[in-house]
Amino acid sequence: MIAVFFVNAFRWKGITSRATREAKAAGAGAFFAFMQADFASGDGQHTYPGSGWVVASDETLVIVFRRSTIGIGSARQRREIRFDAVKGVFPHDTTSMSYGGVVIVMTSGEELFFMLAPRNGSGLRGPSDLDITTAVADLSSVIEA
């Protein structure tokens, strides 16, 4: 039982650490780690990748994620999106069914929702309102610059 507590207490620490390392290496203006994502295409199709991170630098958003929410050993995939393909960045409020996060709306109509991991990497709670607000503000300022 104690082991389960510690696993959950530091559940997202690895993801937040990798996001921080990649952001520093890229000289990123903004970054965040996420627990899960929902990529909704303009025609209603949804893809649900697992955990990963988003790094914004050099006119490009780099999204690194697990292909599936099943299993911790699934391969990571990388997606790059030019800033000019982004229509806007918005907060997604916490609901009774999910934690809050960031929504990136593309000019193609695709919506990318990221359920943020708390900045401290804790698995004992979801992201704070400050985590969400900061991620949206930082990402928006880098994209609009």
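**Exercise 1. Charged pairs**

Which side chains meet in a salt bridge with an N to O distance of 3.1 Å? Find the pair, place it in the predicted model, and follow the salt bridges that share a partner with it.

*Solution.*

Step 1. The side chains of Glu-22 and Arg-78 form this salt bridge, at 3.1 Å from N to O.

Step 2. Glu-22 belongs to helix 2 (residues 13–26) and Arg-78 to strand 5 (residues 76–82), so this pair links distant parts of the chain, 56 residues apart.

Step 3. Arg-78 also forms a salt bridge with Glu-80, where the closest N and O atoms are 3.8 Å apart.

Step 4. Compare the accessibility values. Arg-78 has 48% relative accessibility and counts as partly exposed. Glu-80, at 55%, counts as exposed, because the exposed class begins over 50%.

Step 5. A search of the whole structure gives 3 salt bridges. The remaining pair is Glu-110 with Arg-79, at 2.7 Å from N to O. Glu-110 lies in the loop between strand 7 and strand 8 and Arg-79 in strand 5, so this salt bridge ties together parts 31 residues apart in sequence.

Step 6. Sharing partners, the salt bridges join Glu-22, Arg-78 and Glu-80 into one network. The background is simple: side chains of opposite charge can pair when their charged atoms come close.

**Exercise 2. The surroundings of Glu-110**

Is Glu-110 buried or exposed? Classify Glu-110, then list its contacts.

*Solution.*

Step 1. The relative accessible area of Glu-110 is 14%. The residue is therefore buried, since the limit for that class is under 20%.

Step 2. Its partner Arg-79 has 24% relative accessibility and counts as partly exposed.

Step 3. Leave aside the neighbours of Glu-110 within four places in sequence. Glu-110 is then in contact with Phe-39, Ala-40, Ser-41, Gly-42, Arg-79, Ile-104 and Val-105.

Step 4. Two residues on that list are connected in another way: the charged end of Arg-79 sits over the ring of Phe-39, 5.6 Å from its centre.

**Exercise 3. Aromatic rings**

How many aromatic pairs does the structure hold? Describe the two pairs that contain Phe-114, beginning with Phe-32 and Phe-114.

*Solution.*

Step 1. The structure holds 4 aromatic pairs.

Step 2. In the pair of Phe-32 and Phe-114, the ring centres are 5.7 Å apart and the planes meet at 70°. Planes over 60 degrees apart count as edge-to-face, so this pair is edge-to-face.

Step 3. Phe-32 is in strand 1 (residues 30–40) and Phe-114 in strand 8 (residues 111–116), with their positions 82 residues apart in the count.

Step 4. Both partners are inside the buried class: Phe-32 has 5% relative accessibility, and Phe-114 has 0%.

Step 5. Phe-39 and Phe-114 have ring centres 5.8 Å apart and planes at 70°, so this pair is edge-to-face as well. Phe-39 lies in strand 1 and Phe-114 in strand 8, so the pair ties together parts that are 75 residues apart in sequence. Phe-39 counts as buried, at 7% relative accessibility.

Step 6. Put the pairs together. Ring pairs link Phe-32, Phe-34, Phe-39, Phe-65 and Phe-114 into a cluster.

**Exercise 4. The nonpolar cores**

Which residues have the most contacts inside the largest nonpolar core? Name them, then find the element that gives the most to this core.

*Solution.*

Step 1. The largest nonpolar core has 26 residues. Phe-32, Leu-61, Ile-63, Val-102, Ile-104, Phe-114 and Leu-139 have the most contacts inside it.

Step 2. At least two residues of this core come from each of strand 1, strand 3 (52–57), strand 4 (60–66), strand 6 (86–92), strand 7 (101–106), strand 8 and helix 3 (129–144).

Step 3. Helix 3 gives the most to this core, namely 6 residues.

Step 4. Take Ile-104 as an example. Not counting residues up to four places away in sequence, Ile-104 touches Leu-61, Val-86, Gly-88, Val-89, Glu-110, Glu-111, Leu-112, Phe-114 and Leu-139.

Step 5. There is also a second, separate core of 15 residues, which includes Ala-33, Val-62, Val-105 and Phe-113.

Definitions and conventions:
Residues are numbered from 1 along each chain as its sequence is written. This is a predicted model: local features need pLDDT of at least 70, side-chain atom pairs count only at pLDDT 80 or more; totals for chains, interfaces and linings use all residues. Side-chain values use heavy atoms; hydrogens and water are left out. Rings of Phe, Tyr and Trp (its six-membered ring) pair if their centres lie within 6.5 Å; planes under 30 degrees apart count as stacked, over 60 as edge-to-face and the rest as tilted. Helices (H or I, at least four residues) and strands (E, at least two) are DSSP runs, numbered from the N terminus. Buried means under 20% relative accessible area, exposed over 50%, partly exposed in between (1.4 Å probe, protein chains only). A charge sits over a ring if NZ of Lys or CZ of Arg is within 6 Å of the ring centre and within 35 degrees of the ring normal. A nonpolar core is a set of buried Ala, Val, Leu, Ile, Met, Phe, Trp, Tyr and Cys residues joined through side-chain atoms within 4.5 Å. Contact means heavy atoms within 4.5 Å. A salt bridge is a side-chain nitrogen of Lys or Arg within 4 Å of a carboxyl oxygen of Asp or Glu.
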